[in-house]
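Reader: I have a model open on my screen and would like to talk it through with you. Could we go over it piece by piece?

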Amino acid sequence: MNSWTEGALALIVVVGLGLGLFLFTGQSIGDGVTETTQQPITVDPEAASRGQVLAEGQGCMQCHTTDGRPGSGPTWKGLAGSVRPLASGEEVVADDAYLFNSIVDPNNQVVDGYDAIMPTFYADQLDDQQITDLVEYIKSLAT
């Protein structure tokens with residue numbers, strides 16, 4: 001066989017397999033495989049405990065849940081380290097920086113499927129340590 005014939009045959013096989021996969025699953029190669037965590041989540045238990053008290057005192061639990069149930073805000077269960085689809089069409093990893101910024105500037109990256117209703121005053125009401133404690137609490141709910 002000629003090398004161009006072998007190459008053309010290989011190309012036809014690959015395209016056929018890809019088409020078959022798409023027709024069978026509705027997903028192209030590489031779709032549907034989303035890594036839920038990028039790295040192990042480490043939590044400061046003392047900060048997480050302070051964050052839980054703060055979350056309950058600040059009224060966070062009126063909109064967010066910790067058991068996976070839907071609320072008017074995203075659940076915190078499994079949030080840390082997950083890939084979050086945004087209303088803008090982008091995706092972000094819910095790492096420490098994302099969680100911190102979502103508290104101080106919640107309208108900057110709104111999660112797809114939710115309205116931008118989170119109060120924006122937490123940056124003025126809470127200091128950096130308190131926000132970090134909230135982040136640690138959210139991280140403690142990763143599993």
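What follows is a conversation about the fold, the packing and a few residues of this model.

Author: Gladly, and please keep in mind throughout that this is a predicted model.

Reader: Okay, basics to start with: how many helices and strands are there in the protein?

Author: The protein has five helices and two strands, and when you read along the sequence they come in the pattern α-α-β-β-α-α-α.

Reader: And what share of the residues is buried?

Author: Of the 143 residues in the protein, 27% are buried. As for the surface, the protein exposes about 9,200 Å², and carbon and sulfur atoms supply 55% of that area.

Reader: Now the helices: at what angle do helix 2 and helix 5 pack?

Author: Helix 2, which covers residues 45–58, packs with helix 5, residues 128–140, at an angle of about 100°, and their axes are 7 Å apart. Angles of 65 to 115 degrees count as roughly perpendicular, so that is the description that applies to helix 2 and helix 5.

Reader: Which residues make that contact?

Author: From helix 2 the contact is made by A47, A48, R50, G51, Q52, L54 and A55, while helix 5 brings Q129, Q130, D133, L134, E136, Y137 and S140. Sorted by class, the contact of helix 2 with helix 5 has six nonpolar, five polar and three charged residues.

Reader: Switching to the inside, which residues have the most contacts in the largest nonpolar core?

Author: Those are W76, Y98 and L99, in a core of 21 residues. Helix 2, helix 3 (96–104) and helix 5 are the elements that give two or more residues to this core, and helix 5 gives the most, with five residues.

Reader: You mentioned Y98, so what is Y98 in contact with, leaving aside neighbours within four places in sequence?

Author: With those neighbours left aside, Y98 is in contact with R84, L86, V92, V93, Q109 and V111.

Reader: One more, on Q125: where does it lie, and why does it count as partly exposed?

Author: Q125 lies in helix 4, residues 122–125. Its relative accessibility is 48%, and partly exposed covers the range between under 20% and over 50%, so Q125 counts as partly exposed.

Reader: What does Q125 touch, then, beyond neighbours within four places in sequence?

Author: Beyond those neighbours, Q125 is in contact with Q58 and Q130. As for V104, Q125 and V104 are 21 residues apart in sequence and 9.7 Å apart in space, taken from C-alpha to C-alpha.

Note on methods. Residues numbered from 1 in each chain as written. Predicted model: local features only at pLDDT ≥ 70, side-chain atom pairs only at ≥ 80, totals over all residues. Heavy atoms only, no water. Helix = DSSP H or I, 4+ residues; strand = E, 2+ residues; numbered from the N terminus. Buried < 20%, exposed > 50% of the residue type's maximum accessible area, 1.4 Å probe, protein only. Areas by Shrake-Rupley, 256 points an atom, 1.4 Å probe, with all protein chains shown as cover. Axes fitted to C-alpha atoms, helices over the stretch in contact; angles between N-to-C directions. Parallel < 35°, antiparallel > 145°, perpendicular 65-115°, else oblique. Contact = heavy atoms within 4.5 Å. Nonpolar A, V, L, I, M, F, W, Y, C, P; charged D, E, K, R; others polar. Core = buried A, V, L, I, M, F, W, Y, C linked by side-chain atoms within 4.5 Å.
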